[in-house]
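Let's walk through how two chains meet in this model. Have the structure open and follow along.

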Amino acid sequence: MSLSLDDVSRIARLARIEISPAEAERTRDQLNGILSFVEQLQAVNTDGIAPLAHAVDVVQRLRPDAVTESDHRAAFQAIAPETEAGLYLVPKVIE
Amino acid sequence: MTWEVVIGLETHAQLQTKSKIFSGASVAFGAEPNRQACAVDIALPGVLPVLNREAVVCAIRFGLAVGAEIAPRSIFARKNYFYPDLPKGYQISQFETPVVLGGGLTIHVGEHEKFVHLTRAHLEEDAGKSLHEDFHGKTGIDLNRAGTPLLEIVTEPDMCSSAEAVAYAKALHSLVTWIGICDGNMQEGSFRCDANVSVRRPGAPLGTRREIKNLNSFRFLQQAIDYEIQWQINEIEEGRKIQQATVLFDPDTGETRSMRSKEDAHDYRYFPDPDLLPLEIRPEWIAEVKAGMPELPQALQHRFQSAYGLSAYDSATLAATRDTASYYENTVLAAGSANAKLCANWVMGEVSARVNRDGLDIAAIPLAPPLLAGMVQRVADGTLSSKLAKEVFEALWNGEGKDADAIIEARGLKQVSDASAIEPLIDEVLAANQKSVEEFRAGKDKAFNALVGQIMKASKGKANPQQVNDLLRKKLSG
């Protein structure tokens, strides 16, 4: 499998990364290089082997259901670009 | 030309926990904006999610209640999308290996019964809220809801009308509140449905579906689906093709309209979240949760039918909520199971009417089950006629008198079943109504009823009507 320039610009758009045409070409070559490594991995026979979701073979630790966080709104909003009436303001989101 | 409708539902049920699914912030409704959004919820760098045990318990309870398989190992995944209501840039959800697999719910539409299969149910976090009021052309973001635990419950495309979809949604709503995993408050968004709708010719392959998002009332669910079905049929009959889309329902116009969304909005690029390890649920844990489960609505309905001889309809009505069922059952326990049907009539009739009229919580009404039971017993043993019983009920409801017997005594409402007390009344009435007596003897049955009415009136409604009937008939034929 290899990626086209169109694939690269689509991925960039999904990730909200702006790339120039020159960067797109370089990125395509790098991504294709990574994919060729993956192709080698895919050549290994994995019949009967359960997919691995995590590199470490341990299970999720659980937290008791208790409210442990207090209100730090003022501190968080002190570093926000813009706030009003307790809300974070962001460029208009239109559905 | 007929059309077949195919509907599948996805429901988001907010789980009744105290804290968020991956952080220790509170999930209480109605706080000031961003006062319940901690570093994890606003996605500051370096934070790590830690799974709330209670959210998993809720998922297990649900899985047990719908007869599903509970995955011994399930995986959390990142669903990538850029929207300021989830500042991480992804939602933590489950994709390939959800916590609950399969199962289903039986629904009733009129006389018709149907089993709706569930595909899956998975745990995920809710997003924050975007406020589009005027903030100088900007959008205001409240992240209090971000990270609230949700169980997304997905059906197979098993429903074929809006009525079935609503019946399913109601059955599911009743179940999740019954087992105590969701408060079911639709206005606050604790229980919201997305409906996938498509139409096809009978026997044809599935049509292209459109998804109606965020329906937060049963009425909107019905209206939106009905509108959407008609819209799709019109499009196809006019020669156009249905494009897969996400649509919103506008309650003001009663129409669905396509959301302006980019073609790649659905490219979520799921992958396992490296911040969370696999969730392991051992059989011992499932057994422990199972031991704490209440009797489920369906089992209870069957028990009401077999133990108390109630009809399927009465059983379903009484088992609509856990509180109604327990009110009924406590009444029967106090009144005796021989009076189960009579108790059912009073609970479904007078009690429910007043609870609904005044918007009360049946678990907290002053008319406690033993008081109602005491009155029902006086109806059953003939002390009270049904007419007088209503008067006693009204008095009990208003807290006048300590119990039914005290009210009957104080107001002299006791039904008269004593022949020696009724006979003089009959003689009196017969003497005063010779015309009716002659008419009856001439074969006019109506005259008999007129006489009974007169006698009841003479007794001020207290004579036992059955007794009056018997005695009168005996006298007239004698």
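Start where a strand of one chain lines up with a strand of the other: β1 of chain A (residues 62-63) is joined to β2(B) by 2 bridges, and the two strands run parallel. To find the spot, look for Leu62(A), which stands opposite Leu51(B) in β2(B). Keep in mind that this is a predicted model.

Now zoom out to the whole contact. Chain B puts in 56 residues and chain A puts in 38 residues. People often give the size of an interface as the accessible area lost when the parts come together. Here chain B and chain A bury about 4300 Å² between them, with 57% of that on carbon and sulfur atoms.

What about charges and polar groups? Between chain B and chain A there are 4 salt bridges. One to click on pairs Asp267(B) with Arg10(A), where the closest N and O atoms sit 2.8 Å apart. On top of that count, have a look at the polar contacts: 22 residue pairs between chain B and chain A, both partners at pLDDT 80 or more.

So which pieces of chain B do the touching? At least two residues each come from β2 (51-52), α1 (53-65), β10 (129-135), β11 (138-142) and β18 (279-280) of chain B. The largest share of that side comes from β11(B), with 5 residues. As for chemistry, the residues of chain B that touch chain A split into 29 nonpolar, 12 polar and 15 charged.

Key: Residues are numbered from 1 along each chain as its sequence is written. Chains are lettered from A and ligands numbered from 1 in the order in which they are written. This is a predicted model: local features need pLDDT of at least 70, side-chain atom pairs count only at pLDDT 80 or more; totals for chains, interfaces and linings use all residues. Side-chain values use heavy atoms; hydrogens and water are left out. Contact means heavy atoms within 4.5 Å. Buried area is the accessible area (1.4 Å probe) that two parts lose on being put together, summed over both. A salt bridge is a side-chain nitrogen of Lys or Arg within 4 Å of a carboxyl oxygen of Asp or Glu. A polar contact is a pair of N or O atoms within 3.5 Å; within protein, one must be able to donate a hydrogen and the other to accept it, and residues adjacent in sequence count only if both atoms are side-chain atoms. Helices (H or I, at least four residues) and strands (E, at least two) are DSSP runs, numbered from the N terminus. Ala, Val, Leu, Ile, Met, Phe, Trp, Tyr, Cys and Pro count as nonpolar, Asp, Glu, Lys and Arg as charged, and the others, Gly among them, as polar. Two strands pair if DSSP finds at least two bridges between them.
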